[in-house]
Amino acid sequence: MEIIQGIEADAEEEARGIEREAEEYSKQRIALAKAQGEALKKEARERAESQSALIRKNSESKIVMEKRKSALKLRDRVLQETLELARKRCRELIDTPRYGEILLDWIVEATLGLSADKAEVNASLKELPLITEELLKKAEGEYHKLTGKKISLSKREGDPLPGQGVVLTAGDGRLAYNNQVSTRFLRHQTEIRKLIYQSLFEE
């Protein structure tokens, strides 16, 4: 009888031990699962934050780029509109009394660029009547003052220029100096752009 009781007691003790081990193992597995779950949540949160930061950075870069593009487009449009107003103002000057002096300056500038002893002067249809013998003599005199050399100027016969300004062609016809408004704008475009930007965009 005592033997049976002893066996039963041992069995119960072993069963309790197995139960304790099972409980401990279950606790460990639950703790491990929780830890793994927390690690996964932390990793997912960090990944989400990293992706969110990257998206914000890309969005901010795109916004900055779009702003820069818009600013450049605005500057270019303002520049073109300003240049067109300047061209319009140049055309309007033809009808003013001082335009003869402007033509004189352009002709003298062209004589210096051409550096010939004889040249023909051409201009647009509206400007040709303003290029008188008197104006050409003045230009010859100015050239002589500046260089000490002589030049003979005459009005070119034939088709007038399509655009405003003057073109001087050397007597042999091989060289020409274009001093039309469109060419002058191109020649001085860097300085013109700088002046416009300074006036309109810089504080």
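A salt bridge is taken here to be a side-chain nitrogen of Lys or Arg within 4 Å of a carboxyl oxygen of Asp or Glu. By that criterion the side chains of K88 and E92 meet in a salt bridge, with N and O 2.8 Å apart, in what is a predicted model.

## Salt bridges

Side chains of opposite charge can pair when their charged atoms come close. A search over the whole structure returns 15 salt bridges, and three of the pairs are set out below, including the one between K88 and E92.

| Pair | N to O distance | Accessibility of each partner |
|---|---|---|
| E66 and K69 | 3.7 Å | E66 37%, K69 41% |
| K88 and E92 | 2.8 Å | K88 40%, E92 37% |
| E140 and K137 | 3.6 Å | E140 14%, K137 53% |

The positions in sequence help to explain how the partners come to face one another. E66 and K69 are three residues apart in helix α1, which runs over residues 2-93, and are therefore separated by about one helical turn. K88 and E92 belong to helix α1 as well, where being four residues apart likewise separates them by about one helical turn. In helix α3 (residues 133-147), E140 and K137 are three residues apart, which is about one turn of that helix.

The surroundings of these side chains can be read from their relative accessible areas. E66 is partly exposed at 37%, and K69 is partly exposed at 41%; K88, at 40%, is partly exposed, as is E92 at 37%. For the pair in α3, E140 counts as buried because its relative accessibility of 14% lies under the 20% cut-off, whereas K137 counts as exposed because its 53% lies over the 50% cut-off. Beyond these pairs, E84, R87 and R91 are joined in a network of salt bridges.

## The nonpolar core and helix α2

The largest nonpolar core has 33 residues, of which I107, V121, I131, L153, V166 and L168 touch the most other members. At least two residues of this core come from each of α1, α2 (99-114), β1 (118-123), α3, β3 (165-170) and α4 (181-187). The largest share, nine residues, is supplied by α2.

Within α2, the buried residues are Y99, I102, L103, L104, W106, I107, V108, A110, T111 and L114. The length of this helix can be checked against its residue count: at 1.5 Å a residue, its 16 residues should span 22 Å, and the end C-alpha atoms are indeed 22 Å apart, so the two values agree. Just after α2, S115 takes a positive phi of about 50 degrees.

L168 offers a view of how α2 and β3 meet. Leaving aside residues up to four places away in sequence, L168 touches I107, A110, T111 and L114, along with A119, E120, V121, L153, L175, A176 and Y177.

## Strand β3 and its partners

How much of β3 is buried? The strand is mostly covered, with six of its six residues buried. Its two faces are both covered, since G165, V167 and T169 on one side and V166, L168 and A170 on the other are all buried.

β3 pairs with β1 in the antiparallel sense over five bridges, and in this pairing E120 stands opposite T169 in β3. β3 also pairs with strand β4 (residues 176-180), again in the antiparallel sense and over five bridges, with G165 standing opposite Q180 in β4. The hairpin formed by β3 and β4 has five residues between the strands, and G173 there takes a positive phi near 80 degrees.

## The loop after β1

S124 is placed in the loop between β1 and α3. Although S124 sits in a loop, its relative accessibility of 10% means that it counts as buried. Its side chain is joined to that of E127 by a polar contact of 2.5 Å. Not counting residues up to four places away in sequence, S124 touches P160, L161, G163, Q164 and G165; the last of these, G165, is one of the buried residues of β3.

Notes. Residues numbered from 1 in each chain as written. Predicted model: local features only at pLDDT ≥ 70, side-chain atom pairs only at ≥ 80, totals over all residues. Heavy atoms only, no water. Buried < 20%, exposed > 50% of the residue type's maximum accessible area, 1.4 Å probe, protein only. Core = buried A, V, L, I, M, F, W, Y, C linked by side-chain atoms within 4.5 Å. Contact = heavy atoms within 4.5 Å. Pairing = 2+ DSSP bridges. Polar contact = N/O pair within 3.5 Å; in protein donor to acceptor, adjacent residues only side chain to side chain. Expected span 1.5 Å × (residues − 1).
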